[in-house]
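Dear colleague,

Please find the structure below, handed over together with my notes. I have tried to keep to what can be read from the coordinates, and I begin with a point about the backbone.

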Amino acid sequence: MLEYFIPSVLSCFQPINLLSMVLGLAVGLTVGAMPGLSGVMGITILLPFTFKMPAAAAMITLIGVYCGSTYAGSISAILIKTPGTAAAAATVSDGYALNQKGRAQEALSLALYASVFGGLFSGIVLLTVAPQLAKVALKFNSADYFMLALFGLSVISAVGGKRLLRGMTMAALGVFISTIGIDPAEGVYRFTFGTRILAKGIGLVPALIGLFAISELLSQTEKGIHATGKTEQSTASSRYGWRYIWQYRWTMIKSSIIGVIIGATPGTGAAIASFMAYGEAKRSSKHPEEYGKGSPEAVVASESANNGVTGATLIPMLTLGIPGDVVTAVLMGALMIQGLNPGPKLFTDNGPITYTVIIGFLLVNVLMLYMGKLAIRVFGQICKIPYSILLPVVLAFCLVGAYACSNSIYDCLIAIVFGIIGYLAEKFDFSTTPMLIGLVLGGIAESNLVRALTVSKGSLLIFVQRPISLLFLTLTVLFIVYNLRSRRRQKRVDQSIEREGG
Amino acid sequence: MNQNMLKQYIRQELPVLVVFFVAMALLIVLPSQIPEGKMAQASVLGPRFFPRVMLCGVMLFCLLGIAGDANQVFRNKQPLETEESATPKHYRNVLALIVALMAWYLLLKTVGFILMTAILMAVSMLLLGNRNKLQIVLIPTFFSVALYLLFANYLNVMLPKGLFYL
């Protein structure tokens with residue numbers, strides 16, 4: 001590795017590579033901030049332009065899109081309560097609540113710095129321990145994956161809202177909704193009611209757009225508000241620099257580690273990582289009661305985790321040739337188009353290019369800090385627009401975003417229906433976040449449960465025989481018990497305060 | 001037993017009951033919606049297994065929630081936490097917006113993206129309380145055209161043109 005390090009660093013500073021970083025980040029920040037447009041779409045749009053580029057520059061461009069879009073999902077999540085990407089779903093509640101309190105600039109800056117930290121952390125891990133980590137991640141079997149999904153679902157005990165049972169109801173509904181469409185094991189249709197709309201299942205992005213954006217529009221219509229969104233007097237983000245974010249260093253480190261572990265595990269994703277980091281941050285926080293109501297720490301946790309995933313997803317892709325998700329599958333395709341074969345030999349046969357890409361990844365994250373500040377300034381102006389103009393524009397964006405997911409009008413209907421569900425749910429004290437977690441994890445949980453039980457011929461012992469499964473099972477139990485106890489403690493404190501007040 | 005508390009309890013639990021009955025209805029129609037898989041003969045698993053477990057879960061959580069709240073209200077005599085806001089509600093506007101959204105969906109292919117989106121945006125601006133005529137005409141027109149051009153020309157998203165090529 002060391003013999004490639006200095007030439008790779010020098011190569012990264014070549015004008016073409018620097019320009020590639022800027023181009024990739026600009027596209028990534030734009031598509032990420034637009035609801036419904038994903039990093040995959042941005043990468044796919046730029047892919048044909050990279051064919052004639054040198055291999056390293058091509059990969060750096062696409063990695064720029066990936067990192068930029070993963071971060072930028074938080075911009076729209078904070079400003080208009082619409083996560084640009086699924087990865088920013090955990091940021092919505094606290095980021096938007098901070099915006100509502102007139103602290104949008106703080107939330108945006110925290111998200112940016114935490115994302116850069118998470119990205120750099122995962123980049124360093126990618127550079128140093130990639131092959132070792134990939135070996136561990138590859139040992140995961142279906143039972144381990146199921147337990148991992150179960151652990152993810154246990155986050156509901158932390159984010160289930162005031163009424164936990166209603167949160168759990170929503171989570172179970174979310175998992176149920178994820179089963180609509182084609183059964184993963186036997187390929188039969190489930191709950192399609194004979195319609196084409198439901199045949200391909202419920203898309204995560206249209207559901208996300210509906211649950212968070214359209215529902216918000218409906219609830220604002222109910223209130224009849226046409227005022228301007230609250231903004232701070234100063235738009236300077238320098239007040240919320242590294243010195244400010246330093247107080248959240250442990251949350252960032254912990255969340256980045258969660259992001260790296262989840263990211264290195266194929267078939268998971270940034271959304272799961274950010275929800276897990278959110279849950280863990282809440283569990284260990286000194287102020288868990290602030291979570292969901294505008295906690296800066298929550299924004300930091302979810303954003304450092306989802307960007308912590310970015311570098312880690314490249315680990316199994318580069319070292320073993322296994323794409324962990326759709327983005328890395330497209331990136332792997334791009335690598336192969338350039339004549340490079342991902343796998344263990346990539347580091348020896350094409351060392352200079354590989355290390356240039358990895359160091360380029362780190363530089364992309366550094367550059368993102370500056371380009372992200374520019375993006376915040378541009379997108380920050382959104383807060384000054386009156387709601388009666390902003391929300392209809394958001395609605396149009398959302399509907400186009402839902403349509404763009406698969407060029408299908410049915411996705412728009414799904415977004416509208418989920419918008420109505422989200423509006424009614426919030427109205428009747430049902431938190432929508434557990435439903436989203438259920439939707440995200442339902443597929444992974446079901447396919448791996450079926451696979452694991454088929455292998456074990458129905459024996460549940462498979463979930464306690466392997467150390468990885470057992471570890472996740474223990475963590476799940478501990479996490480739930482801890483959260484239930486803290487809920488009870490919080491309730492008692494609230495009651496005693498009420499009694500003293502009364 | 002306070003009459004208000006009882007009323008509040010019923011009002012609070014009604015949505016939970018609705019969810020419970022929806023889940024129950026889905027459980028009843030489950031056999032007609034999911035064919036029995038081949039694996040079902042060998043074990044409990046099959047395409048029906050997971051949806052059935054989840055629907056049972058939904059029903060169970062609903063019942064536990066109703067029972068828990070009943071315990072709090074009837075036994076411990078504690079009122080349920082509610083967030084009643086003082087702001088007036090405009091439910092008719094919400095209903096009108098939902099109708100506008102459904103109309104947008106149903107007429108999109110026939111009428112076209114630009115025209116339908118402009119109308120939807122104008123309607124939602126009105127419902128949100130905007131009364132500036134110039135804004136209501138110009139902003140939806142500009143944004144729907146801009147969105148169409150952006151998505152159709154640069155992002156390869158083919159939005160419906162409709163009968164009037166709008």
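Lys457(A) is an exposed residue, because 9 other C-beta atoms lie within 10 Å of its own and the limit for calling a residue exposed is 12 or fewer. Lys457(A) is found in the loop that runs between helix H20 (433–455) and helix H21 (462–465) of chain A, and its phi is positive, at about 55°, although the residue is not a glycine. Please bear in mind, here and in everything that follows, that this is a predicted model.

A second residue of this kind is Phe193(A), a residue other than glycine whose phi is also positive, near 50°. Phe193(A) sits in the loop between strand E2 (189–190) and helix H10 (204–223) of chain A, and with 11 other C-beta atoms within 10 Å it too is exposed.

As for chain A as a whole, its secondary structure comprises 22 helices and 2 strands, and 62% of its 502 residues count as buried. Among the contacts in chain A with a separation of 6 or more, 79% are between residues 24 or more positions apart.

One helix pair in chain A deserves a fuller account. Helix H10, which follows the loop holding Phe193(A), packs against helix H19 (residues 409–427) of chain A at an angle of about 55°, and the two axes are 6 Å apart. H10(A) and H19(A) are therefore oblique to each other, since an angle of about 55° is neither under 35 degrees nor within the range of 65 to 115 that would count as roughly perpendicular. The crossing of the two helices is right-handed. On the side of H10(A) the contact includes Pro206(A), Ile209(A), Gly210(A), Phe212(A) and Leu218(A), while H19(A) contributes, among others, Asp411(A), Ile414(A), Phe418(A), Gly422(A) and Glu426(A). Sorted by class, the residues in the contact of H10(A) with H19(A) are 13 nonpolar, 5 polar and 2 charged.

Chain B has 5 helices and 0 strands, so that, by the definition of these elements as DSSP runs, its pattern along the sequence reads α-α-α-α-α. Of its 166 residues, 32% are buried, and residues 24 or more positions apart make up 60% of the contacts in chain B with a separation of 6 or more. The domain assignment divides chain B into domain 1 (3–75) and domain 2 (91–154), and the centres of these two domains, taken over C-alpha atoms, are separated by 38 Å.

Which residue class supplies most of the side of chain B that touches chain A? The contact between the chains takes 56 residues from chain B and 49 residues from chain A. On the side of chain B, the elements giving two or more residues are helix H1 (3–33), helix H2 (49–75), helix H3 (91–111), helix H4 (113–127) and helix H5 (133–154), and the largest share, 11 residues, comes from H2(B). The residues on this side of chain B divide into 37 nonpolar, 15 polar and 4 charged, which puts the nonpolar class in front.

Lastly, Met102(B) lies in helix H3 of chain B and counts as partly exposed, with 14 C-beta neighbours inside 10 Å. Its C-alpha atom is separated by 21 Å from that of Gly129(B), a residue 27 positions away along the chain.

With best regards

Conventions
Residues are numbered from 1 along each chain as its sequence is written. Chains are lettered from A and ligands numbered from 1 in the order in which they are written. This is a predicted model: local features need pLDDT of at least 70, side-chain atom pairs count only at pLDDT 80 or more; totals for chains, interfaces and linings use all residues. Domain bounds come from an automatic or database domain assignment. Helices (H or I, at least four residues) and strands (E, at least two) are DSSP runs, numbered from the N terminus. A residue is buried if 20 or more other C-beta atoms lie within 10 Å of its own, exposed if 12 or fewer, and partly exposed in between; C-beta atoms are placed from the backbone. Two residues are in contact if their C-beta atoms, placed from the backbone, lie within 7 Å. Ala, Val, Leu, Ile, Met, Phe, Trp, Tyr, Cys and Pro count as nonpolar, Asp, Glu, Lys and Arg as charged, and the others, Gly among them, as polar. Axes are lines fitted to C-alpha atoms, for helices over the stretch in contact, and angles run from 0 to 180 degrees between N-to-C directions. Angles under 35 degrees count as roughly parallel, over 145 as roughly antiparallel, 65 to 115 as roughly perpendicular and the rest as oblique. A crossing is left-handed if the near helix is turned anticlockwise from the far one by less than a right angle, and right-handed if clockwise.
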